[in-house]
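Thanks, everyone. I'll put the structure up and then walk through a few places in it.

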Amino acid sequence: MDNIYLLIVIALAVLAVADLVVGVSNDAVNFLNSAIGSKAISFKTIMIVASLGMICGTVFSSGLMEVARKGIFNPGEFYFDEIMFIFMAVMITDILLLDFFNTLGMPTSTTVSIVFNLLGAAVAMSLLKIGAVNGNFSDVVNYINTEKAIQIISGILLSVVVAFTIGAIVQWISRLLLSYNFEKKKVWVGALFGGAALSAITYFILMKGIKGTPYAGESFDVIGGGTIKDFLEDQWIGIVAANFVLWSFLSYVLMSLAKVNIYKLIIGVGTFALALAFAGNDLVNFIGVPIAAWQSYEAWEAAGIPATEFSMEVLSKKVPTPTLLLFLSGVVMVVTLWLSKKARYVADTEINLSREGEAKERFQPNFLSRGLVRSAMLISKWSSSITPDSWKSKMNKQFQKPVIALSKDRTHQLPAFDMVRAAVNLMVAGILISIATSYKLPLSTTYVTFMVAMGTSLADRAWGAESAVYRVAGVLNVIGGWFGTAIIAFIAAGTVLTIINFGKGAAIAILLFTAVLLLARNYIAYNKKAKELKAEDSLNRAESSSIQGVIEESAGTIANVVKRTNKLYTNSIDGLAKQDLDLLKKNKKGVVKLATEIDDLRDNIFYFIKNLDEASVGASDFYINILGYLQDMAQSLEYITKISHKHINNNHKKLKYNQIKELKEIDYDLEALLNNTKTAFDNRSFEEIGVVLNKKQALFDMVSQKIQKQVARTRTEESSPKNTTLYFSLLLETKDLMTATINLLELYYQEHDSSVPPATIPDAE
C-alpha cells in the first residue's frame, strides 16, 4: 500500500508536464495578443521575446509555490494520505478543465481553476473526515484557510471591474493626446509617452522578477539596511520617477538620432514583461501541486510514520523549489508556446473581440448584450448633449481614423489595432499587476490582460454600431466561462476526490486512464477539425473592380458551392433511404455552415461596391445577383435537410421503395448536372455552360413527372400523410434548387459572352 504514494508522485509529475502544456495553450493569450494584434513586430520576434520572458519568469518564481501548500486549506488538519488524494484529484480535474476550454478557444483563468480545484477537493475531504466521526459539518471552516480563500476570490473578481475601467480611461486619454496620427507627432510627445510606458513596465519587471528570487528578502546596506522587496514597495514613487526621466531621455535620443519607433520598443519590452509575469505568477498553477506532493512524500518517508497518522503541518513551512525544476518547467512552456496550435486559437478569440472595424463575429448577440449596448448608447447620447460642441469637435478629430491605402493583396493584412492601443494594453496590465503584487493582492493575469484589452477597445471606439452587440456578447461569454470554471472546478474536484477516497489505487488508475483517453480524444478531434477547416474549400470574396474580374474570381466560389450542394443533396437522399439519423444530423450542420459562408459574402457587399471603379459599376449588379442565387440554393438545401432530418428524427414511416427509387433518379441526374457545372467553372470553360443549360428542360420535366406519379399514388394507394407531405416537399424544393442553379448558369453565360444571341440561351423554368 505504501508504494501507492510513490506512484502518485510519479503520476503527478507526468500530469505536471501535461498541465504545463494545456496551461500555456490557454494563457499565451495574456502576453501575445497585443504584439500579434498590432503587427508591430514580426511573429518570430514576438515568440523569441516571449520565450525569453517565460524562462526568466520561471526561474524567479520559487517563492510563489505556497498557494498549493497552504493558500487554500490548513495542511495541519490533514494526514499524508488525505493530502495526496487531494493533490491527485486537483491535477486530474485541472488538466481536463483547461483542455476543455482550450478546445473551445475560450481564454479562462488557470489561477481560478487551480484555486477552486484545491478548494473543492479540500472541502470534500473535510466533509468526509467530519462525516466519519459524526462531527458537525459547520466545522469545515477549521480545515479551510477561509481568510486567504476569500481574499483570493474577491481579488480576482475585483480585478475584472478595475482592469476594464482603468484600461478604458487610460486608452481614452492616450488617444486624445496622441490621436491616430501618433507617428506624425513631435518627437518629445512620443518620448514622454515612451517614458511613461517603459517606466511602468520596468517597475513591473522589477517587482515580478525580484519577488520570486532568494535575494528578495535579504538586507543590503546600500538601501538603508532594508530588503530589496521592501525598498521597491516603499520607494516606488522615487523609483518610477527616476525611471520616467531616464526612459523619456533615452526615448528622445533613440527617436531623434537612431530613428527608432518607440511604440515598437514599448510593445517588445511589454511582451517580455507580461511573459515573465505569466511564468512567474502562473507557474504555481501548473507545478505547485506536484511539487508540494513530492515534498510531502519526502517528509513522510523521512518521518517513518504511517501515512494515515502523519500530519501535514510540514507544508505550513516555506520550502524553496529547486531552480533546476523551475528551469525545466520553463523549457516545457517555451516548447509548448512554439508548437501549440490551440494557443493561437485561444489568442484569436481576444484579438477578434478587440479588433478595429469589422471582423467575422464568432459570438451571437443575446438579450443582455443588446440591453447593455442600448444603455451605453443612451449614456453616450446624454453625455454628448451636455458636452460643448467645440469640445466634441476636438475630441472627434483625435479619434478620426486615417484612411490607409493598401494594394488589394494586402487588404486582409491590416492590424487588429494600432500600436498605441497595444502599448496601453501592455502598460496598464503591467501597472495593475505591479500594484496588486506590492499590496499582496492575488489576481488572475488572464482576467487583467483580457479586461484591459476590452476596456481599451471600448474607449478606442472599436466597438461601433455594426459590431457592438457581437463584441459585448463575446465578452459576456468569456466572463461567463470564468464563472463556469470556478463552479465546475469546485464540483468536479470534490467529486473526483470522493471517488479516489473510496476507491483508492483502483480509482486513481481508472481516473488517470479516463483522463488520458479524454485528452487524446480532444487532441484527435481538434486536429481533425483543424485539418477539415484547412482542407475544405472556403468561399472567397470577390475583390476585383471590373465585371470581367468578378466573373473570373467568383468562378471558384461557384464551383465550391456546386460541389458542396451536390454532396449535401445526395447525403439527404441517402439518409432518408437508409434512415441514417447521424448522417442527416451531420448534413444539417454542413448546410448551416455553407449558408453562413454565403451570408458572410453578402455582408461584404458594402466593401465590394466601395472598391469598384467608375467604369465597372455594373459589376455590382452581377455580383449581387450571383449571391442572390447562391442564397436561394442554400435556402433550398436547408429546407431539404431540415425536413429529412425531422422525418427520421420523429420516427415516421420510411418512404416507400418507389419513392426512394425516384428520388435517387433525380439525385443521379442532378449530380450529373452539378458535376458538369463544377467542371466548367473549375476549367473556366464558360462555353460548356451552354451545353449544361441545354439539358435543363429534361430535368424539370423529370421532376414534374415524379410529382404526377405521386399524385396518382396518393389517390389510389398512399396511406401516410407524413410521407406524402415529405415527398411533395422534397420534389418542390428540389425544383427550386434546380431553378436557382439554372438562373445562376444563365447569368454567367450571358455576362461572359455577350455576343451569344439571346435566342440560343435556354429559358429558366
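I'll start with one residue, Thr-734. Setting aside its neighbours within four places in sequence, Thr-734 is in contact with Tyr-569, Ile-640 and Ile-666. Before going further, please keep in mind that this is a predicted model.

Where is Thr-734 found? It is in helix H26, which covers residues 721–752. Is Thr-734 buried or exposed? Its relative accessible area is 1%, so Thr-734 counts as buried, the cut-off for that being under 20%.

Take Ile-640 from that list of contacts. In sequence, Thr-734 and Ile-640 are 94 residues apart, while their C-alpha atoms are 7.9 Å apart in space. The side chain of Thr-734 also has a partner in the backbone: one of its polar atoms lies 2.6 Å from the backbone oxygen of Leu-730.

Next, the nonpolar cores. How many residues does the largest one have? It has 134 residues, and Phe-31, Met-54 and Phe-87 have the most contacts inside it. Helix H11, residues 262–303, gives the most to this core, with 19 residues. There is also a second, separate core of 56 residues, which includes Leu-630, Ile-640, Ile-660 and Leu-670. So that we keep track of it: Ile-640 is the residue we just met as a contact of Thr-734.

Now a pair of helices. H23 runs over residues 657–682 and H25 over residues 696–716; they pack at an angle of about 170°, and their axes are 11 Å apart. That angle makes H23 roughly antiparallel to H25, because anything over 145 degrees counts as such.

Which residues meet there? On the H23 side they include Glu-662, Ile-666 and Leu-670, and on the H25 side they include Leu-699, Val-703 and Lys-706. Ile-666 came up earlier, as a contact of Thr-734, and Leu-670 is one of the residues in the second core. By type, the residues of this contact divide into six nonpolar, three polar and six charged.

Last stop, Gln-171. Its place is in helix H7, residues 146–178. Gln-171 has a relative accessible area of 0%, and is therefore buried. What does its side chain pair with? A polar contact of 3.2 Å joins it to the side chain of Asp-460. Neighbours within four places in sequence aside, Gln-171 is in contact with Val-420, Arg-421, Val-424, Thr-456, Ala-459 and, again, Asp-460.

That is the tour.

Conventions. Residues numbered from 1 in each chain as written. Predicted model: local features only at pLDDT ≥ 70, side-chain atom pairs only at ≥ 80, totals over all residues. Heavy atoms only, no water. Core = buried A, V, L, I, M, F, W, Y, C linked by side-chain atoms within 4.5 Å. Buried < 20%, exposed > 50% of the residue type's maximum accessible area, 1.4 Å probe, protein only. Helix = DSSP H or I, 4+ residues; strand = E, 2+ residues; numbered from the N terminus. Axes fitted to C-alpha atoms, helices over the stretch in contact; angles between N-to-C directions. Parallel < 35°, antiparallel > 145°, perpendicular 65-115°, else oblique. Contact = heavy atoms within 4.5 Å. Nonpolar A, V, L, I, M, F, W, Y, C, P; charged D, E, K, R; others polar. Polar contact = N/O pair within 3.5 Å; in protein donor to acceptor, adjacent residues only side chain to side chain.
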